[in-house]
Number of protein chains: 2
Amino acid sequence: MNRFWSDFVTRLQPYTPGEQPQSKNLVKLNTNESPYGPSPRVLAAIQAQSTDDLRLYPPPNAEYLKQAIAHYHGVKPGQVFVGNGSDEVLAHVFNGFFRQSQPILFPDISYSFYPVFCQLYGIEYQQVLLDDEFALPIAAFDRPNGGIVFPNPNAPTGRLLGLQQIQELLERHGDSLVVVDEAYVDFGGVSAIELISDYDNLLVVHTLSKSRSLAGLRVGYAVGEKSLIEGLDRIKNSFNSYPLGHLQIAAAVASFEDDDYFLVCTRRVIASREALTDALLALDFSVIPSAANFVFVTHSNWKAAALADALRQRDIIVRYFDKPRIRAYLRITVGAEAENALLIEALRDIVDSAG
Amino acid sequence: MNRFWSDFVTRLQPYTPGEQPQSKNLVKLNTNESPYGPSPRVLAAIQAQSTDDLRLYPPPNAEYLKQAIAHYHGVKPGQVFVGNGSDEVLAHVFNGFFRQSQPILFPDISYSFYPVFCQLYGIEYQQVLLDDEFALPIAAFDRPNGGIVFPNPNAPTGRLLGLQQIQELLERHGDSLVVVDEAYVDFGGVSAIELISDYDNLLVVHTLSKSRSLAGLRVGYAVGEKSLIEGLDRIKNSFNSYPLGHLQIAAAVASFEDDDYFLVCTRRVIASREALTDALLALDFSVIPSAANFVFVTHSNWKAAALADALRQRDIIVRYFDKPRIRAYLRITVGAEAENALLIEALRDIVDSAG
């Protein structure tokens, strides 16, 4: 507390990101990073940009990157907004579109940054209840609202809502903006971006932090109807003219230009997820069906917090959320094959030791 | 306009950054970048970070960078806030400290992003008048206010307010937060950071975009009393947990570790500014005394807009602001020695052609 803080600052309850230990001796399965590095072309692009030209401001609208993203998704550059990670993109989305007279809606179990953005911008919200298997019944959104947002696949559960259901939601809520946060869609879903030409009430948000192995770079984007994007640009240009530097733009462009590498990595993660799921089931875990690069699991004989502690003692970190309805669960990132093997070995050891 | 825009989005009048042409054939003296590239150590640090570790999230609080900045300025890491360029830092400052019951104050001629931040956050402001030589009479701030902000040296004029006057301002306004925006201070001023241990109502903002030759990287910071910084961290952690990526952090740390290079570059710019000033005076320009890496000039026989156009035809771009009180002026960045020579040659040609 400080006498110069604006009133609302005291009331903020900031988001708590997952731990980012700097030690290399940990098996880090807590924040859903890719186990594989970025494309070699990305690394080469960064090296090539490491020049005296860093003295110059970047292009404020990152045109090359918008073009690369538009080309990849088969949309126009004017339908693409880019930002400093998808959290910044989401923050601008909340500010630009969700300050409405009706509360916005999102699932009770979803990305825990959403209520924080609402606090930051004074936005009222209501949470709609997932069912007991963490599925999202779209009828739950049938109430007056100032907008809808949800992750798909959902986090931290990994459950996917099909494109047909998203379409039905868009039809039912033609007067609401529906924001689909597709941070994890490349690991098993179909992007709703293909619907944007049919629905002007749809905005889709992506990140390069997961499937493109670039959490350390900070790039995210949104795709939607042109005048939605213009609204985001108005906010961005009233906040920070140059959110992405030369290195970010060049690296992100290179990532979209190496589709082969992207496909190899995401397929490998998907295969690992299936193998990991089988191994966890064999250890008597229940595993929520995941379309993401993590699994959400519970064990009938073990408390999740105790399991997380026991894993931590073995230098393996996973994510535990001390929150209603999900206290019995752990969210475990799909790691490299060797990391997953270490995890399973540790869990077997822990579970057996109590047997 | 779009039916989903929050009400205030329509009313925003976003900031217009200076032109960032991608052509290399221009003499670019319009956005106050350094004519010299960043330290070779910075480039090496980026190369060294271009690895598979980019798949991992960066440290959310950028501790290494805070330590490097704190060490450089002789303060504690807890007195340092870092962000994605000083515009982002300033945006959080306005949101976190300037939403007060009284209007905030800034000079009528100053950084044109300030009124834009006020619009974005619904902050009332009043402008205090610079005198006819663009000096800032600190008595002009003597009125009820919710905070004070000004660039020092001022932009786009380059005029410096001395440390003693800043101290007097801090004394007179002990119940107001005073934000000194020192984007250009390394080119001829003394930083007010040395006053923060004596004044808990002082916050000083810096950028790496000018004197550290890193406009393309996007790093800025603020230094002030610990609980002020905590307020900024609360906002940042409610907006974007990871505003700086690995490359930004490593490059910025390397810049602070190469003080020799920094001093050589800033001294060279200062020497060039003095030479450029003399050459402009010889062409009958009036030159406002500058402590920045640009000069603010007017010519009795030429309209500034016409001069800017004539320079543009010769592939030289400078900045012209079509605004009250400064329509007769051009802001010209101090370029490399050869660029300044081209500028002077072109101006001589233009001015003589009319003679």
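**View 1. Strand 10 of chain A is largely enclosed by the rest of the structure, because 5 of its 6 residues (294-299) are buried.** Here, a residue is called buried if 20 or more other C-beta atoms, placed from the backbone, lie within 10 Å of its own. Strands are DSSP runs of E with at least two residues, and helices are runs of H or I with at least four, both numbered from the N terminus. Please keep in mind that this is a predicted model, in which local features need pLDDT of at least 70 and side-chain atom pairs count only at pLDDT 80 or more, while totals for chains, interfaces and linings use all residues. To help you find your way, residues are numbered from 1 along each chain as its sequence is written, and chains are lettered from A and ligands numbered from 1 in the order in which they are written.

**View 2. Strand 10 of chain A pairs with strand 9 of chain A (residues 285-287) in the antiparallel sense.** Two strands count as paired if DSSP finds at least two bridges between them, and this pair has 3 bridges. Look for Phe285(A), whose bridge partner in strand 10 of chain A is His299(A). A hairpin of 6 residues links strand 9 of chain A to strand 10 of chain A.

**View 3. Strand 10 of chain A also pairs with strand 12 of chain A (residues 329-333).** This pairing is antiparallel too, over 5 bridges. Opposite Val297(A) you will find Leu330(A), in strand 12 of chain A.

**View 4. Domain 1 of chain A (7-37 + 260-353) meets domain 2 of chain A (40-257).** The bounds come from an automatic or database domain assignment. The centres of the two domains, taken over C-alpha atoms, are separated by 24 Å. Their contact takes 29 residues from domain 1 of chain A and 24 residues from domain 2 of chain A; residues are in contact if their C-beta atoms, placed from the backbone, lie within 7 Å. On the domain 1 side, the elements giving two or more residues are helix 9 (259-282) and strand 10 of chain A. Helix 9 of chain A gives the most, with 5 residues.

**View 5. Chain A touches chain B through 66 residues from chain A and 66 residues from chain B.** Among the elements of chain A that give two or more residues to this contact are helix 2 (40-49), helix 4 (86-97) and helix 8 (246-256). Helix 4 of chain A provides the largest share of the chain A side, 6 residues.

Note on methods
Buried ≥ 20, exposed ≤ 12 C-beta atoms within 10 Å, placed from the backbone. Contact = placed C-beta atoms within 7 Å.
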